[in-house]
Structures are given as C-alpha cells and as structure tokens.
Amino acid sequence: MSKEAKARIKINKLLEESGWRFFDNAEGKANIVLENHIKIDKSSQDKLGDDFQNTKSGFIDYLLLDDKGFPFIVLEAKKEEINPLFAKEQARKYAQSQNCRFIILSNGNQHYLWDLQRGNPNIITTFPTPDKV
C-alpha cells in the first residue's frame with residue numbers, strides 16, 4: 001500500500017468520525033466529493049501571482065459540502081512524509097475556484113485548518129463537523 005493511500009485511509013476515518021458522509025444514509029445526503037476536477041480561469045490564476053505553478057486545472061482531493069450541497073471546505077491530502085503546509089498554494093487555488101473560505105491540509109497525521117479570511121493555517125487535532133467550522 002502506498003504512503004498516500006495510508007494517509008487517505010486515516011483522513012477518511014477522521015472525516016467519518018467528524019460526521020462527514022461519503023454516501024447517502026439515514027443522517028442525510030453524502031457531503032464529500034472525491035477528486036473533483038476543476039479548471040482555473042485566467043483571472044483566478046493571475047490573483048495567485050508568479051510564484052505559483054502555472055497550471056490550468058487539477059483535482060481537489062476532497063470537497064466538503066455544506067448542508068445545501070454547496071462547496072464549503074477544500075481538503076488537500078498529502079503523503080504521510082510530506083508536510084501538509086507544502087500544499088498551501090495548491091489548496092488556495094482550488095478553494096478560490098470553488099468559492100470556499102476554508103481549507104484543511106492533512107497528511108493523515110498532521111492537520112491544519114485555514115480560514116482564508118483570517119490569516120494562516122492553524123494546527124487542529126480533529127476535523128470540523130459539517131455544521132461547525
């Protein structure tokens with residue numbers, strides 16, 4: 001099993017423990033979208049500046065939806081040996097493309113919650129629940 005797969009297994013468990021759903025069930029509709037393909041428009045890319053990789057599209061590892069089914073949190077997953085903060089700019093690009101204010105950066109062991117309107121990512125030990133960030 002790859003190190004990224006191990007990290008994703010841990011992340012999946014943390015999401016489920018926090019009340020996020022991969023599938024519709026008695027508690028409600030699924031509120032996790034996996035590897036959502038996105039395209040970045042020129043104006044979004046320009047806002048990121050010259051210091052960011054020049055990509056036009058990508059995949060969001062996990063897109064967490066609010067209770068109305070709208071994009072709420074982008075979760076960017078990395079291999080266990082990679083510091084999740086290395087994914088900050090990649091995750092910011094994805095969040096901006098989805099109009100998400102919140103980002104979770106995780107490698108399965110270390111997790112950060114980033115409110116784009118309030119500053120830098122902060123270490124968290126559990127994931128936020130669907131009704132509260």
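Ten salt bridges are a good place to start: the structure, a predicted model, holds 10 salt bridges, each defined as a side-chain nitrogen of Lys or Arg within 4 Å of a carboxyl oxygen of Asp or Glu. Residues are numbered from 1 along each chain as its sequence is written, and side-chain values use heavy atoms, with hydrogens and water left out. Local features need pLDDT of at least 70 and side-chain atom pairs count only at pLDDT 80 or more, while totals for chains, interfaces and linings use all residues.

One of these bridges joins E35 to R8, with the closest N and O atoms 3.4 Å apart. E35 belongs to strand β1 (residues 32–39) and R8 to helix α1, so the pair ties together parts that are 27 residues apart in sequence. Here helices (H or I, at least four residues) and strands (E, at least two) are DSSP runs, numbered from the N terminus. Accessibility is classed as buried under 20% relative accessible area, exposed over 50% and partly exposed in between (1.4 Å probe, protein chains only). On that scale E35 counts as partly exposed because its relative accessibility is 42%, whereas R8, at 16%, counts as buried. A further bridge links E17 and K13 (3.8 Å, N to O). E17 and K13 are four residues apart in helix α1, and therefore separated by about one helical turn; both are exposed. E76 pairs with K78, the closest N and O atoms being 3.5 Å apart, and E76 counts as buried at 2% relative accessibility. Through shared partners, salt bridges also join E4, R8, E35 and D61 into one network.

Helix α1 itself can be described in some detail. At 1.5 Å a residue, its 15 residues should span 21 Å, and its end C-alpha atoms are indeed 21 Å apart; the expected span is 1.5 Å times one less than the number of residues. A7, R8, I11, L14 and L15 are buried in α1. Seen down the helix axis, the buried residues fall within an arc of 125°, so they line one face of the helix; the arc is that of the directions from the helix axis to the C-beta atoms. The face turned away from this buried side carries the exposed residues K13 and E17. Just after α1, G19 takes a positive phi of about 100°.

Turning to the interior, the largest nonpolar core has 16 residues, and L15, Y62, L64, L75 and F127 have the most contacts inside it. Such a core is a set of buried Ala, Val, Leu, Ile, Met, Phe, Trp, Tyr and Cys residues joined through side-chain atoms within 4.5 Å. At least two residues of this core come from each of α1 (3–17), β2 (57–65), β3 (71–77) and β4 (102–106). Leaving aside neighbours within four places in sequence, F127 is in contact (heavy atoms within 4.5 Å) with I11, L14, L15, S18, L75, I104, S106 and H111. A second, separate core of 13 residues includes A95, L105, Y112 and W114.

For the protein as a whole, the secondary structure comes to three helices and six strands, in the order α-β-α-β-β-α-β-β-β from the N terminus. Of the 133 residues, 41% are buried. Among contacts with a separation of 6 or more, 54% are between residues 24 or more positions apart.
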